[in-house]
Amino acid sequence: MKYLEALNWRYAVKRMNGQPVPEEKLANILEAIRLAPSSLGLQPYDVIVVKDPAERQYLVPAINQPQVTEGSVLLVFAAWTKVQQQQIDDYIQNVADTRQLPLAALAGFKSNIENLVKAKDSQSLFSWTARQAYIGLGYATAAAAFEQVDATPMEGFSTEKLNQLLGLDAKGLSAVAIVTLGYRNAETDRLAKAPKVRRPATNFFHRPETKQSSSANDKQS
Ligand SMILES: Cc1cc2nc3c(=O)[nH]c(=O)nc-3n(C[C@H](O)[C@H](O)[C@H](O)COP(=O)(O)O)c2cc1C
């Protein structure tokens with residue numbers, strides 16, 4: 001399936017049929033999330049993978065949407081509420097190990113990260129880490145489509161309850177969005193055959209004319 005076909009095939013499924021997502025497909029979707037870009041490459045969010053049906057049922061008081069139990073996997077995108085020095089150190093060590101660089105060669109990069117983090121108050125820091133998590137969310141939904149697995153991105157849950165049920169506060173995390181993975185129930189899902197609604201490309205994309213191209217047009221007319 002070509003990627004635009006896959007993206008047209010996908011939709012935010014409201015009712016799922018309980019069919020399990022094969023391990024290999026789940027592994028590919030998770031790997032796509034891991035490969036998502038992030039500001040500075042820091043990946044300042046974690047993804048909690050909840051497969052066990054009883055554990056998903058346990059989360060229903062926080063996420064009262066049927067996909068949580070009708071799907072087969074629940075991904076919780078949890079952004080870092082703070083960026084600890086240890087997390088920066090670990091990242092720099094990872095860059096050094098992966099690219100076989102001495103730590104000294106990364107000193108400037110490291111202090112850029114430290115300065116950027118220090119310059120943000122706690123709200124803008126969390127807003128920044130959350131934005132990185134949303135890039136992962138986008139990758140998850142696209143990768144699921146390529147794998148022909150249905151995925152529903154969701155913000156409709158109680159952050160406070162979900163954080164509490166998963167013990168996220170103590171880990172310096174807060175849930176920002178979730179994705180349920182599974183398979184559509186075409187019989188019960190009112191949106192299964194609904195055409196996709198999107199703004200027309202003509203007013204979504206803007207292509208400002210450069211001075212050069214407008215003078216070329218003048219000459220032609
Ligand atoms: C960040 C985000 C939060 C969303 N929250 C929910 C949700 O809580 N429940 C739900 O059923 N759909 C949710 N959606 C799905 C959107 O309603 C859906 O993506 C949008 O209407 C476009 O339709 P499509 O994805 O089916 O093409 C969410 C989508 C995004 C990207």
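This report walks through the helix, cores, charged pairs and aromatic pairs of a predicted model.

**A long-range look at helix α7**

Let us start with helix α7, which covers residues 122-146. With 25 residues at 1.5 Å a residue, α7 should span 36 Å, and its end C-alpha atoms are 37 Å apart, so the expected and modelled values agree. After α7 comes Gln148, a residue with a positive phi, near 60 degrees.

**The nonpolar cores**

In soluble globular proteins, nonpolar side chains tend to be buried together. Here, the largest nonpolar core holds 29 residues. Those with the most contacts inside this core are Leu59, Ile63, Leu74, Val76, Val83, Leu162 and Ile178. Two or more residues each come from β2 (73-80), α5 (85-99), α6 (107-118), α7, α8 (159-166) and β4 (173-182). Of the elements, α5 gives the most, with 5 residues.

Leu59 is a good place to look if you have the model open. Setting aside neighbours within four places in sequence, Leu59 is in contact with Val50, Leu74, Leu162, Leu165 and Leu166. A second core, separate from the one above, has 24 residues, including Ala79, Ala133, Ala177 and Leu181.

**Salt bridges**

The count of salt bridges comes to 6. Three of the pairs are set out here, with the N to O distance for each.

| Salt bridge | N to O distance |
|---|---|
| Glu23 and Lys51 | 2.1 Å |
| Glu31 and Arg34 | 2.8 Å |
| Arg184 and Asp150 | 2.8 Å |

The bridge between Glu23 and Lys51 links distant parts of the chain, 28 residues apart. Glu23 sits in helix α2 (residues 23-34), while Lys51 belongs to the loop between β1 (45-50) and α3 (53-58). Glu23 has a relative accessibility of 47% and therefore counts as partly exposed. Lys51, at 36%, also counts as partly exposed.

The bridge between Glu31 and Arg34 stays inside one element: both residues lie in helix α2, 3 residues apart, about one turn of the helix. Glu31 is partly exposed at 31% relative accessibility. Arg34 reaches 54%, so this residue counts as exposed.

What does the bridge between Arg184 and Asp150 tie together? Arg184 is in the loop between β4 and α9 (201-204) and Asp150 is in strand β3 (residues 150-154), so the pair joins parts that are 34 residues apart in sequence. Asp150 has a relative accessibility of 2% and so counts as buried.

**Two buried glutamates**

Glu70 and Glu114 are worth a visit as well. Glu70 lies in helix α4 (residues 67-70). Its relative accessibility is 18%; the cut-off for buried is under 20%, so Glu70 counts as buried. The side chain of Glu70 makes a polar contact of 2.5 Å with the side chain of Arg15. Beyond residues up to four places away in sequence, Glu70 touches Lys14, Arg15, Met16, Asn17 and Gly18.

Glu114 is found in helix α6. Is Glu114 buried or exposed? With a relative accessible area of 18%, Glu114 is buried. Not counting residues up to four places away in sequence, Glu114 touches Gln85 and Ile88. Glu114 and Ile88 are 26 residues apart along the chain, and their C-alpha atoms are separated by 7.6 Å.

**Aromatic pairs**

A pair of aromatic rings is described by the distance of the centres and the angle of the planes. The whole structure contains 3 aromatic pairs. In one of them, the ring centres of Tyr91 and Phe109 are 6.0 Å apart. Their planes meet at 65 degrees, and planes over 60 degrees apart count as edge-to-face, so this pair is edge-to-face. Tyr91 is part of helix α5 and Phe109 is part of helix α6, so the pair ties together parts that are 18 residues apart in sequence. Tyr91 is buried at 16% relative accessibility, whereas Phe109 is partly exposed at 27%.

Phe204 and Phe205 form another edge-to-face pair, with 4.9 Å centre to centre and 80 degrees between the planes. Phe204 counts as partly exposed at 45% relative accessibility, and Phe205 counts as partly exposed at 48%.

Conventions: Residues numbered from 1 in each chain as written. Predicted model: local features only at pLDDT ≥ 70, side-chain atom pairs only at ≥ 80, totals over all residues. Heavy atoms only, no water. Helix = DSSP H or I, 4+ residues; strand = E, 2+ residues; numbered from the N terminus. Expected span 1.5 Å × (residues − 1). Core = buried A, V, L, I, M, F, W, Y, C linked by side-chain atoms within 4.5 Å. Buried < 20%, exposed > 50% of the residue type's maximum accessible area, 1.4 Å probe, protein only. Contact = heavy atoms within 4.5 Å. Salt bridge = Lys/Arg side-chain N within 4 Å of Asp/Glu carboxyl O. Polar contact = N/O pair within 3.5 Å; in protein donor to acceptor, adjacent residues only side chain to side chain. Phe/Tyr/Trp six-rings, centres within 6.5 Å; stacked < 30°, edge-to-face > 60°.
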